[in-house]
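Open the model in your viewer and keep the sequence panel visible. The stops below go from one helix to one residue and then to the whole chain.

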Amino acid sequence: MPATLSPDDTPPTLPPAGTLYGLPELAEAVTTATQLEERHGKMVERLEAAILKEAQDAADSARRAGFDRVDAENAGRKMAAKARSDVREMSDDDRWAILRQLDALASGLSASEALWASPIVALARAGLGTDKRTNHMAQLSGAGPAELKTAATLAAATSDTVLGAAVAALLDRMPRKQRTVSPGELAERLVGDDVRQARAAIAAVKQAQQRALNADREFASGRRNATARISQALVQRDAAARSGDPVEAAS
């Protein structure tokens with residue numbers, strides 16, 4: 001009889017299907033996101049300059065026609081509103097083509113974000129499915145606390161993430177009071193720096209996508225969104241505090 005979930009069972013929550021990216025691929029993603037954001041920003045700058053010119057020309061024309069300063073400025077504002085509507089409609093396809101690329105890039109990092117969630121998570125997948133991981137697990141399956149500590153020390157000294165993953169998995173099965181090594185400390189020693197770089201890169205891609213979207217909304221409305229700017233600044237500050245230095249963008 002097939003197993004079924006009882007009403008009280010909660011199915012596991014998995015991230016959307018995606019690809020696990022290593023540090024080189026994440027660095028490339030940062031480079032791509034940065035370039036796309038810059039393209040979008042330069043496009044918006046050109047469009048804003050065109051709108052400003054239309055407004056200035058309208059105000060200058062009104063002044064030459066004898067209108068006072070206030071009426072001339074009103075003429076400029078009306079022309080700016082009309083020009084923004086026209087330019088926004090004309091540029092929608094080009095602006096959103098870039099925004100869609102940024103959104104796809106950020107959304108495609110869901111699996112990577114889950115698998116780089118912490119040093120423990122990152123170490124747990126080291127060598128999965130390989131003979132080396134299987135052999136380490138078999139050799140250490142009957143090991144006691146002292147032997148596991150020795151194996152953990154060896155893994156840290158030689159930067160052997162596969163051995164470390166096997167040790168961490170076996171430590172995780174032991175009662176906490178019997179552990180002579182912290183799985184979290186072992187994971188931090190082996191992959192902590194990589195995890196911080198990976199998470200910083202993922203955050204950088206998402207921030208680039210959000211900044212471009214905020215900039216596009218400001219352009220479309222003609223109003224600066226102070227709340228969104230403050231929120232984004234706080235996100236960037238917190239991400240920097242959590243993740244440390246980001247992955248350097250690939251050249």
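At which residue does α2 bend, and by about how many degrees? Select Ser-91: α2 bends there by about 55°, the bend being the angle between axes fitted to the seven residues ending at a residue and the seven starting there. This is a predicted model, in which local features need pLDDT of at least 70, side-chain atom pairs count only at pLDDT 80 or more, and totals for chains, interfaces and linings use all residues. Residues are numbered from 1 along each chain as its sequence is written, and side-chain values use heavy atoms, leaving out hydrogens and water.

Now select residues 69-107, helix α2. Helices here are DSSP runs (H or I, at least four residues), numbered from the N terminus. The end C-alpha atoms of α2 are only 50 Å apart, while a straight helix of 39 residues would span 57 Å at 1.5 Å a residue; that expected span is 1.5 Å times one less than the number of residues.

Next, colour the buried residues of α2, among them Ala-83, Val-87 and Ser-91. Buried means under 20% relative accessible area, with a 1.4 Å probe and protein chains only. Their cover includes α1 (23-64), α3 (110-115) and α8 (183-221).

Go to Phe-219, in helix α8. Why does Phe-219 count as buried? Because its relative accessibility is 1%. Phe-219 touches residues including Val-44, Arg-88 and Ser-91, where contact means heavy atoms within 4.5 Å.

Finally, show the whole protein chain: it has 9 helices and 0 strands.

Methods:
Helices (H or I, at least four residues) and strands (E, at least two) are DSSP runs, numbered from the N terminus. Buried means under 20% relative accessible area, exposed over 50%, partly exposed in between (1.4 Å probe, protein chains only). Lists of a residue's contacts leave out its neighbours within four places in sequence.
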